[in-house]
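The following exchange considers how a ligand site is described and on what grounds each term is applied.

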Amino acid sequence: MKKFKKILALSMGAVLLASSLAGCAGKPADTAAPAPNKEAGNEAKPAENAAGGAKRYAFIFKSAGNPYGEKQMEGFKLAIEEAGAGEVILKAPAEPTAEAQIQMIEELIAQKVDVIAISGNDPDALEPVLKKAMNAGIKVLSADSGVNPASRMVHVNQADPERIGRVQVQAVSEMIGGKGQIAVLSATSQATNQNIWIEWMKKELEDPKYADIELVKVAYGDDLRDKSTSETEALLKAYPDLKGIIAPTTVGMAAAGKVLTDKGLSGKVALTGLGLPSEMAEYITNGVCPWMYLWNPIDVGYLTGYAAIALADGTITGAAGDKFTAGRLGEKEVITAGDGTEIMLGDPFKFEPANIEEWKSVY
Ligand code: RAM
């Protein structure tokens, strides 16, 4: 039995490696991932930078201790190593602030790395230091949480922000029968990705079909477990009639799932949003979160890794129409986004009781 589970976990890993997230329902594609070219003698020599050393690729996530961020960085590392492109530097500050990231970027500029990829803690505050990096010849791209177009060459987007925002409102509305108070439990108030999704949630709520739903508050748990827990408790206290919570952050989802479970609120306050299957399986199974959405965070990092390589070797400049091959994800194209250019991973995926068991060991 144990052995069977292990084999299952390994094959799920292969499925994961092979799949970008499919549509809002159904299974991921079941094609096998091509094995990395790691046989003796076949191993690619790390590409060299201008100074003749191995190229160095840095990734800075929003903050440390976030399992989603760890998966994203895992995917980034996988891409760089699989391609034999050079060395990987992974960083995440203790606090989810722009200041902490600015300090890390300054250090990376001093170290003369070749590429900086970043999930930004602020769309604009990083502009001076990221421009400084680009002026020093460092290729800069953002992923997951974007920085403004002047601060980057291209952005790696996990899924269409409009779709991500609207689908969460549609979900909560269905869960609460189209009536009652709802709240949003977000990450930080400056997070680019969450703020864009919340804008789309508000646009969706303008539809007359949601006339009986009231968004009472957007709370910020800062992607910190404790703060997200206390913010959930505060919402329940301030709004005793609250019917639903949308948490467009994996950290917020896990914290809210635990609070609602501990308080026995399953079936009374519905939870949905963007959750990590490994953290949310318990709350999907116990009914606290009837269903939720996410994309594959490893794939976000993996795509970012290949985009970083393509920027570093000059295959792309970040201009719309640029094309490159992103390993097992195949050919990808740089497209025009609302602001600047981006590379799109895919669609959000729906996790529900019927499929959560098979995903919880994957990410
Ligand atoms: C958290 C982070 C991340 C976001 C996910 C959904 O882990 O805020 O940036 O993409 O949630």
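Q: What makes the pair formed by Gln194 and the ligand a polar contact in this predicted model?
A: A polar side-chain atom of Gln194 lies 2.8 Å from an oxygen atom of the ligand. The cut-off for a pair of N or O atoms is 3.5 Å, so the pair counts as a polar contact.

Q: Why are Lys62 and Thr250 also said to make polar contacts with the ligand?
A: An N or O atom in the side chain of Lys62 is 2.9 Å from a ligand oxygen, and a polar side-chain atom of Thr250 is 2.6 Å from an oxygen of the ligand. Both values are within 3.5 Å, and therefore both pairs qualify. The protein covers 100% of the 290 Å² of accessible area that the ligand has on its own.

Q: Where does the ligand sit, and what does that term require?
A: The ligand sits in the largest cavity, which means that more than half of its atoms lie within 2 Å of the grid points of that cavity.

Q: Which residues surround the ligand, and how do they divide by class?
A: There are 14 surrounding residues, and the closest are Lys62, Asp144, Gln194, Asp223 and Thr250. By class, five are nonpolar, six polar and three charged.

Q: Which helix gives the largest share of the shell?
A: Helix α6 (residues 192-205) gives the largest share, three residues.

Technical notes
Residues numbered from 1 in each chain as written. Predicted model: local features only at pLDDT ≥ 70, side-chain atom pairs only at ≥ 80, totals over all residues. Heavy atoms only, no water. Near = heavy atom within 4 Å. Polar contact = N/O pair within 3.5 Å; in protein donor to acceptor, adjacent residues only side chain to side chain. Areas by Shrake-Rupley, 256 points an atom, 1.4 Å probe, with all protein chains shown as cover. 1 Å grid on protein atoms, 1.4 Å probe; cavity = no way out; pocket = protein on both sides within 12 Å on 5 of 7 lines; lining within 4 Å. Helix = DSSP H or I, 4+ residues; strand = E, 2+ residues; numbered from the N terminus. Nonpolar A, V, L, I, M, F, W, Y, C, P; charged D, E, K, R; others polar.
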